[in-house]
Amino acid sequence: MDATLRGVGVSHGLAVGEVRHMGTAVLEPPAKRIGRDEAPREQRRARSAANAVAADLEARGQLAGGDAQEVLGAQAMMARDPELIADVERRITVGSSAERAVYDAFAAYRALLSGAGQYVAGRVADLDDVRNRIVARLLGVPMPGVPDSDAPFVLIARDLAPADTALLDPTQVLAFVTEEGGPTSHSAILARALGVPAVVALPGAGELAEGTVIAVDGSTGEVTVNPSDTEQAMLARTAGERRAALAAVSGPGATSDGHKVPLLANVGSPADVQAAVEAGAEGVGLFRTEFLFLEDGAAAPSVERQAKVYRQVLEAFPQGRVVVRVLDAGADKPLGFLTPADEPNPALGVRGLRALLDHPEVLRDQLSALARAAAGLPVYLEVMAPMVADRADAAAFAEVCRAVGLRAKCGVMVEIPSAALRARSVLQEVEFLSLGTNDLAQYTFAADRQVGAVSRLQDPWQPALLDLVALAAEAARAEDKGCGVCGEAAADPVLACVLTGLGVTSLSMGASAIPYVRAALARHTLAQCERAASAARAADGAEQARSAAHAVLSGE
């Protein structure tokens, strides 16, 4: 097959290599029945396997660090989920073997979540991976995974579980392509962190024959099958031109006519800091703190432990801005000591700030730890709350910040459409907004951000989403306050120009995207960015918006 296929480009870069497919295996155990006297032994086997898988996932997370540690920590919690384990043990009691009980319990949970259309349903690939790892351990067979190869290759998979993506070797895996997933899936986020070109949601990827040479453009989403020598030479020139353009621009983010747009980094732990510094980040626009709380899962870390870790990040940007998001628990990051275990739809329930206000001691301790971490440092510390719906939420968060004596700017995440629609009201209580475009798209379009089937609605180029960004930015400008973007949309160089044209005052992204965004801004004036933003908002769909903005910025 000689063709050019198109999926969703989620991680910049160009790579050419031979196809290798992710190993697969049928891990459905036989419906073996056991005697009543065998049940205690089988229950012990099941618990032991689940704990071993959880420990392995945690160890992989610690090796990978950053976003991967947070993602794999959440997977480890799935393996230890008390309700799932209780269901497994119940099935064993009535005659199922340990492996069959695990398989059936996870299948029931999977069907429940998928049918309910919950946010957690988007983690089905993660759930399946945990199930497969436990069953494989019980059956005594190896888990399918990344293939061995004597030469670097392009990895093809239906989807990639976080445990596989997190430890990919970029010297061996030139790029990867998946049939499923979306631009904000875990595999996409981790690909960007690794700096590996990646294309997701590519129909028919699994049909590419082993050994076929393909070219993967993680910027455009194009996959060229059996590229000719001429095409490969053209791709090499394109890659060289992109590298040259990146190297030609340095320093703070700004448009070609000098309009400043601070370029900040998203970090998931202190392990991400070095990459951010090397990429020239002007600070941190989103410091996710969940990794600390996921380490144990049974209790919040002490103030002393938190302060020590936070200070490591703050010290890396002595004159920069560091924006810390307080704990965002719930939905796909449940914490037994904080979030309800029996919510029918946790994405729309007690998540983020709602959970913290139900447990004010956890919020107070975290803010106290941040105050202690920042003491004596010249850093510009800012804190923000996740999942803020209205002015009342913003006021409640600001009040706790004041109560603990935190000397930092206080802001909120705009992830719920109501906060964007009423942004000026929200800004009466806080000093800045930060748009989380991943969740904002999810809630705007009722489209789970992990489900490939609705990926067109997760596209940050959707004009309705741009309208909400514009509303929030206009409100911030009217109040003379900041409005940044820290969602994955900021990592798209062309969309970064559009966001700047909408009035966004800072952009935060994975460190690997910063050079691309810096170079794109430096090629265009603020007026061009504004015209591109207007053209994108006037379009009727994401593809049309993207094309319209490209046309304006390229002078067509």
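This report walks through the sheets, helices, cores and a few single residues of one structure. Please keep in mind that the model is predicted.

## The open sheet

A good place to start is an open sheet of 8 strands, which follow the order β1-β8-β7-β3-β4-β5-β6-β2 with mixed pairing. At its edges stand β1 (4-6) and β2 (8-11), each with a single partner strand, so one side of each is left without a neighbour in the sheet. On average, neighbouring strands here are turned by 30 degrees against each other, direction ignored.

Inside this sheet, β3 (residues 14-21) and β4 (residues 153-157) run parallel and are joined by 3 bridges. To find one of these pairings by eye, look for H21, whose bridge partner in β4 is I156.

Two helices that pack on this sheet are worth finding next. Helix α7 (residues 186-194) touches β2, β5 (173-178) and β6 (198-200), and its direction makes about 45 degrees with that of β2. Helix α8 also packs on the sheet, where it touches β3, β7 (213-217) and β8 (222-225); the direction of α8 makes about 125 degrees with that of β3.

## The barrel

Now for the other sheet. Here 8 strands close into a barrel, with parallel pairing and the order β9-β10-β11-β12-β13-β14-β15-β16. Neighbouring strands of the barrel are turned by 25 degrees against each other on average, direction ignored.

Strand β14 (residues 432-435) pairs with β15 in the parallel sense over 4 bridges. Within β15, G484 is the bridge partner of S434. Helix α13 (residues 360-374) packs on this sheet, touching β11 and β12 (380-385), and its direction makes about 170 degrees with that of β12.

Helix α21 (residues 514-522) has several buried residues: I514, V517, R518, A519, A520 and L521. What covers the buried residues of α21? The cover includes two helices, α8 (229-247) and α20 (493-502), along with the strands β9 (263-267) and β16 (506-509).

## Nonpolar cores

In soluble globular proteins, nonpolar side chains tend to be buried together. In this model, the largest nonpolar core has 108 residues, and V498 and L507 touch the most other members. Helix α19 (residues 463-478) gives this core its largest share, 9 residues. A second, separate core holds 32 residues, among them A54, A68, A79 and V102.

Which residues does V498 touch, leaving aside those up to four places away in sequence? They are W461, L466, C529, A532, A533, A536 and A549.

## Cysteines without a bond

How many disulfides does a search of the whole structure find? The search finds 0. Two cysteines help to show why. The sulfur of C483 has its closest cysteine sulfur in C486, 10 Å away, which is too far for a bond. For C497, the closest cysteine sulfur belongs to C529 and is 4.4 Å away, again too far for a bond, because a disulfide needs the two sulfur atoms within 2.5 Å. Both cysteines are tucked away from the surface: C483 counts as buried at 1% relative accessibility, and C497 counts as buried at 0%.

## Residues to look at one by one

Most residues other than glycine have a negative phi, and most peptide bonds are trans. N226 has a positive phi of about 50 degrees although it is not a glycine, and D480 likewise has a positive phi, of about 55 degrees, without being a glycine. Where do these residues sit? N226 is found in the loop between β8 and α8, while D480 lies in the loop between α19 and β15 (482-485).

R351 is another loop residue, placed between β11 (321-325) and α12 (353-358). The C-alpha atoms of R351 and V277 are 32 Å apart, and the two residues are 74 residues apart along the chain.

Is each of these three loop residues buried or exposed? The table gives the computed values.

| Residue | Relative accessible area | State |
|---|---|---|
| R351 | 1% | buried |
| N226 | 35% | partly exposed |
| D480 | 71% | exposed |

How values were computed
Residues numbered from 1 in each chain as written. Predicted model: local features only at pLDDT ≥ 70, side-chain atom pairs only at ≥ 80, totals over all residues. Heavy atoms only, no water. Buried < 20%, exposed > 50% of the residue type's maximum accessible area, 1.4 Å probe, protein only. Contact = heavy atoms within 4.5 Å. Core = buried A, V, L, I, M, F, W, Y, C linked by side-chain atoms within 4.5 Å. Pairing = 2+ DSSP bridges. Axes fitted to C-alpha atoms, helices over the stretch in contact; angles between N-to-C directions.
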